[in-house]
Amino acid sequence: MNDRYASYTRLKFDRPHPKVLRITLASPLKMGAMDAAMHREVSEIWRDVDDDPSVSAIIITGEGRTFSAGGDLNHERKGADDYEIRMQTMKEARNIVFGMINCSKPIVSAARGWAVGAGLACVILADISIAAKDARFSDGHLKIGVAAGDHATIIWPLLCGMAKAKYYLLTADSFTGEEAERMNLISLALDDAEVEAKAVEVASRLADGAPGAIRWTKHALNNWLRQAGPIFEASLAMEFIGMASPEGKEGMDAFLQKRAPQFPADTPF
């Protein structure tokens, strides 16, 4: 494997095809949650792979039977009281979103099991998203008292429409991969056993295709997302303002303590 990837400790790399780089999220935490090191690496990998001339297509997948349950809430709770941690995490969240959008190589996601928060961002922001029919998705932000900021506002309304976006973001309800395909939030939903092979097949086809035409088409299509950049930036700021608010602290404390949150009755916003 290219030395440019040697410094990564939370991402595993292999080549299912000579020009396809498969990135596997390898978290030490339960359900593939992203600790601080993984969150940082996921924010940086897109620049490195974009600069790698040996890669023509990318797969991002989870380890074992899950994709990623999103950010490590213990670390995020520390960030609620620590400005530097909070701003670093916000910077990384921005780099994940714009890194995937601006990476010139096509990205295929292969999701099984749970994908939540930042994990779900990596599924949805892929150019082609493939999930198991029984995969479980949730944005989840509203459950912990913060705005849905890490990817949803930039892309969900475009994919599934405003009505579905508002329903699932405001309620934080979970839904299956099959439901995600039905509402056009992902590209394909397949039986669990078929997901990885289909991702390799699609990524290999892309890797063997006309590289300029594929990359230029991705770039042009993603101008729809770039137009929504200010919407995303506002939602991201609101998310991280909310983390340090009474709502955010209570929401995270309640989740970590496995109890129902007691949110304030109102907010001045």
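Here are some friendly notes on this predicted model, set out point by point.

1. The six-stranded sheet. A good place to start is the open sheet of six strands, whose order is 1-2-3-4-6-9 and whose pairing is mixed. At its edges stand strand 1 (11–17) and strand 9 (188–190); each has a single partner strand, so one side of each is left without a neighbour in the sheet. From one strand to the next, the twist averages 20 degrees.

2. The hairpin at the start. Strand 1 and strand 2 (residues 20–25) form a hairpin, with two residues between them. Their pairing is antiparallel and runs over five bridges. If you want to check the register, H17 stands opposite V20 in strand 2, and K12 stands opposite T24 in strand 2.

3. The other side of strand 2. With strand 3, strand 2 pairs in the parallel sense over six bridges. Here L21 has I58 of strand 3 as its bridge partner. In general, strands of a sheet pair through backbone hydrogen bonds, either parallel or antiparallel.

4. Is strand 2 buried or exposed? Six of the six residues of strand 2 are buried, so this strand is largely enclosed by the rest of the structure. In a regular strand the side chains alternate between the two faces of the sheet. For strand 2 both faces are covered: V20, R22 and T24 are buried on one side, and L21, I23 and L25 are buried on the other.

5. Helix 1 against the sheet. Helix 1 (residues 36–50) packs on the six-stranded sheet, where it touches strand 1, strand 2, strand 3 (57–62) and strand 4 (107–111). The direction of helix 1 makes about 175 degrees with that of strand 2.

6. A serine worth a look. S43 is found in helix 1 and is buried, with a relative accessible area of 10%. What does its side chain reach? The side chain of S43 comes to 2.6 Å from the backbone oxygen of R40. Leaving aside neighbours within four places in sequence, S43 is in contact with E92, N95 and I96.

7. The nonpolar core. The largest nonpolar core has 79 residues, and those touching the most other members are V42, W46, V123, F137, I154 and W156. Helix 8 (residues 195–207) gives the most to this core, with seven residues. Not counting residues up to four places away in sequence, V42 touches L11, L25, M34, I96 and C122.

8. V123 in more detail. V123 lies in helix 4 (residues 118–124), and its relative accessible area is 0%, so this residue counts as buried. Beyond its neighbours within four places in sequence, V123 is in contact with F67, S109, A111, A115, S129, F137 and I186. Its C-alpha is 7.3 Å from that of A110, with the two positions 13 residues apart in sequence numbering.

9. Aromatic pairs. There are seven aromatic pairs in the model. In one of them, F98 and F232 meet edge-to-face, at 5.3 Å centre to centre and with 85 degrees between the planes. This pair links distant parts of the chain, 134 residues apart: F98 is in helix 3 (residues 83–102) and F232 is in helix 11 (residues 229–243). F232 is buried, with a relative accessible area of 0%. Elsewhere, ring pairs link F137, W156, Y167, Y168 and F175 into a cluster.

10. The three-stranded sheet. Three strands form an open sheet in the order 5-7-8, again with mixed pairing. Strand 5 (114–116) and strand 8 (175–176) are at the edges, each with a single partner strand, so one side of each lacks a neighbour in the sheet. Strand 5 and strand 7 (residues 136–138) run parallel and are joined by three bridges, with V116 standing opposite S138 in strand 7.

11. A buried glutamate. E250 has its place in helix 12 (residues 246–256). Its relative accessible area is 16%, and E250 is buried. A polar atom of the E250 side chain lies 2.8 Å from the backbone nitrogen of Q262. Apart from neighbours within four places in sequence, E250 is in contact with R259, A260, P261, Q262 and F263.

Terms used. Residues numbered from 1 in each chain as written. Predicted model: local features only at pLDDT ≥ 70, side-chain atom pairs only at ≥ 80, totals over all residues. Heavy atoms only, no water. Pairing = 2+ DSSP bridges. Helix = DSSP H or I, 4+ residues; strand = E, 2+ residues; numbered from the N terminus. Axes fitted to C-alpha atoms, helices over the stretch in contact; angles between N-to-C directions. Contact = heavy atoms within 4.5 Å. Buried < 20%, exposed > 50% of the residue type's maximum accessible area, 1.4 Å probe, protein only. Polar contact = N/O pair within 3.5 Å; in protein donor to acceptor, adjacent residues only side chain to side chain. Phe/Tyr/Trp six-rings, centres within 6.5 Å; stacked < 30°, edge-to-face > 60°. Core = buried A, V, L, I, M, F, W, Y, C linked by side-chain atoms within 4.5 Å.
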